[in-house]
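Here's a quick tour of a model, written for someone who likes to poke at the atoms. Have the viewer open and follow along.

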Amino acid sequence: MNSAAAPEAMQPSSDLEAGTMVPNKGRVLAWAAWDWGSAAFNAVMTTFVFTVYLTSKAFGGEDQASAVLGGALAIAGAVIALLAPVTGQRSDTGGRRKLWLGVNTALVAVLTALCFFVFPRPEFLLLGVSLIALANIFFEFAGVNYNAMLAQVSTPGNIGRVSGFGWGMGYLGGIVALLIVLQLFVQPSFEWFGASTQDSLNIRLVAVFSALWFFIFALPVMFAVPELPRPKRTTERGTKNSIVASYGLLVRRIKAIYRTSPHTIFFLLASAIFRDGLAAVFTFGGIIAAGTFGFELSQVIFFAIFGNIVAAVGAIIGGFLDDRVGPKAVILGSLVGLLVAGTLILVLGNGNYVFFGTAWAGSTTFWVFGLFLCLFVGPAQASSRAYLARLAPHGESGELFGLYATTGRAVSFLAPTLFTLCIAVATPLVAEGEAQRWGILGIMVVLLAGLLVLLPVKPPGEARIAVVPTT
């Protein structure tokens, strides 16, 4: 057992060590079903379909609509960064982790469904971006409780596999949801009322589908996984901290965590950096495929489908390795793989080559090494979650995963900024149409920085569990 000598407690345990030691496949499947369902919001609503609809000419012009959407999401990000740790803390201390997972999930589903009323006219733009921004806030709050629940459904011997399985389910769920949306709404295979494009009915119905998909697949975890036991310290006092007091407690706990388990804080900082790079791989992947490598929209969609399949496989394989060699080794190996694949895409670009007498086109470069990028993203994400779950002090997982969300939001400007900066610097120096691929360099710099910050961080087995104050 990890421990830290301190006057407040002796041999503190993690949430993982305090949980069940017996694997429960039913609970794991129910927990992972939430990841499967949440993919409808991630892949359909915020990435490939509804936000593309919101930034179309129907809402007053692509540039203006994109700016409004970006501003709304930036405000949402600030709200998440400020509130996520406290919402996690209060669900921990109140013994209501599952309750708040359910409440926040239901709010996301309702807000998503309300997007049906966003008609394709400029006056509905503010409604659309507001609903998406609010849904993002509650989605992140739900994610804090969902990630914290990892310790409740896994054991020290299988936590890596469980986390990887959850990520894999998320990727696969996104693929299935996208395929259904394409076949029923976007490019319908048969005539039905939902295929009507009048007033963009088909796209607005996508919002209803996504809400139902998320809500239905979120139900199993509400029935299969028991509620978090109410902490004795809360039961004995019978009171709850005010919001202001919660922030005071949060500050004291961060100081205590740094004092007794500094590597927990170091990992939060390192993961914030490399997770921003991981997010950028998917955020800008389609843009680079179309702009630099000349992919048509249909080709981008096909690549997205194959990329998610590969990412799911990578997450599951990475989970098995995590339980054998530890999460830090998996993360470092994944980051090295990402750097190698990204560098090869940057260097080779869209040029045509001949290797050992075989023709090699630019599209081949992106398909091969782009899929390698996807392969390594999944394990890095899954093992990051498993790493933190191993170090979460007993009864504090929600708060710690709230900090995980906050630190990620705090540096989320890094990769987009460097991506844009590298393109701006390259534009006057390279031929027309060649500058965009240099944005890859910005993403690689962020991933390399995350790797370097992670190197001195101890693996969970060598780091102490933090001793945190209860008042």
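## Overall picture

A word on terms before we start: a helix here is a DSSP run (H or I) of at least four residues, a strand is an E run of at least two, and both are numbered from the N terminus. Keep in mind that this is a predicted model.

With that in hand, the chain comes out with 18 helices and two strands. Of its 471 residues, 54% are buried. About 20,000 Å² of the chain is exposed, and 70% of that is supplied by carbon and sulfur atoms. As for contacts, take those between residues at least 6 apart in sequence: 83% of them join residues at least 24 apart.

## Two asparagines

Asn24 sits in the loop between helix H1 (15-18) and helix H2 (25-48). It counts as partly exposed because its relative accessible area is 33%, which falls between the 20% and 50% cut-offs. A polar atom of the Asn24 side chain lies 3.0 Å from the backbone nitrogen of Arg27. Asn24 also pairs up in space with something far along the chain: Val153 is 129 residues away in sequence, yet the two C-alpha atoms are 7.0 Å apart.

Asn145, in helix H6, has another setting. Its relative accessible area is 2%, so Asn145 is buried. Setting aside neighbours within four places in sequence, Asn145 touches Ser91, Arg97, Trp100, Leu101 and Asn104.

## Salt bridges

Side chains of opposite charge can pair when their charged atoms come close. How many salt bridges does the model have? The count comes to six.

One of the salt bridges joins the side chains of Arg121 and Asp199, at 3.5 Å from N to O. Arg121 is in the loop between helix H5 (97-114) and helix H6 (125-148), while Asp199 is in the loop between helix H8 (159-186) and helix H9 (201-224), so this pair ties together parts that are 78 residues apart in sequence. Both ends are partly exposed: Arg121 has 32% relative accessibility, and Asp199 has 35%.

## The Arg390 network

Which residues are linked in a network of salt bridges? They are Arg161, Asp322, Asp323 and Arg390. Arg390 bridges to Asp322, with the closest N and O atoms 2.8 Å apart. Since Arg390 lies in helix H15 (residues 362-391) and Asp322 in helix H13, that pair ties together parts 68 residues apart in sequence. Are Arg390 and Asp322 buried or exposed? Both are buried; for Arg390, that label follows because its relative accessibility is 13%, under the 20% cut-off.

Arg390 also forms a salt bridge with Asp323, where the closest N and O atoms are 3.6 Å apart. Asp323 is in helix H13 and Arg390 in helix H15, so here the parts tied together are 67 residues apart in sequence.

## A nonpolar patch on the surface

Helix H13 turns up again on the surface. A nonpolar patch there is made of Leu172, Phe302, Phe306, Ile309, Val313, Ile317, Leu321 and Val325, with about 700 Å² of accessible area together. Which helix gives the largest share of the patch? That's helix H13 (residues 297-325), with seven residues.

Ile317 is one of the patch residues and is found in helix H13. Ile317 counts as partly exposed because its relative accessibility is 45%.

Definitions and conventions: Residues numbered from 1 in each chain as written. Predicted model: local features only at pLDDT ≥ 70, side-chain atom pairs only at ≥ 80, totals over all residues. Heavy atoms only, no water. Patch = residues over 30% accessible without salt bridge, like charges linked within 9 Å, V, L, I, M, F, W, Y side chains within 5 Å. Areas by Shrake-Rupley, 256 points an atom, 1.4 Å probe, with all protein chains shown as cover. Salt bridge = Lys/Arg side-chain N within 4 Å of Asp/Glu carboxyl O. Buried < 20%, exposed > 50% of the residue type's maximum accessible area, 1.4 Å probe, protein only. Contact = heavy atoms within 4.5 Å. Polar contact = N/O pair within 3.5 Å; in protein donor to acceptor, adjacent residues only side chain to side chain.
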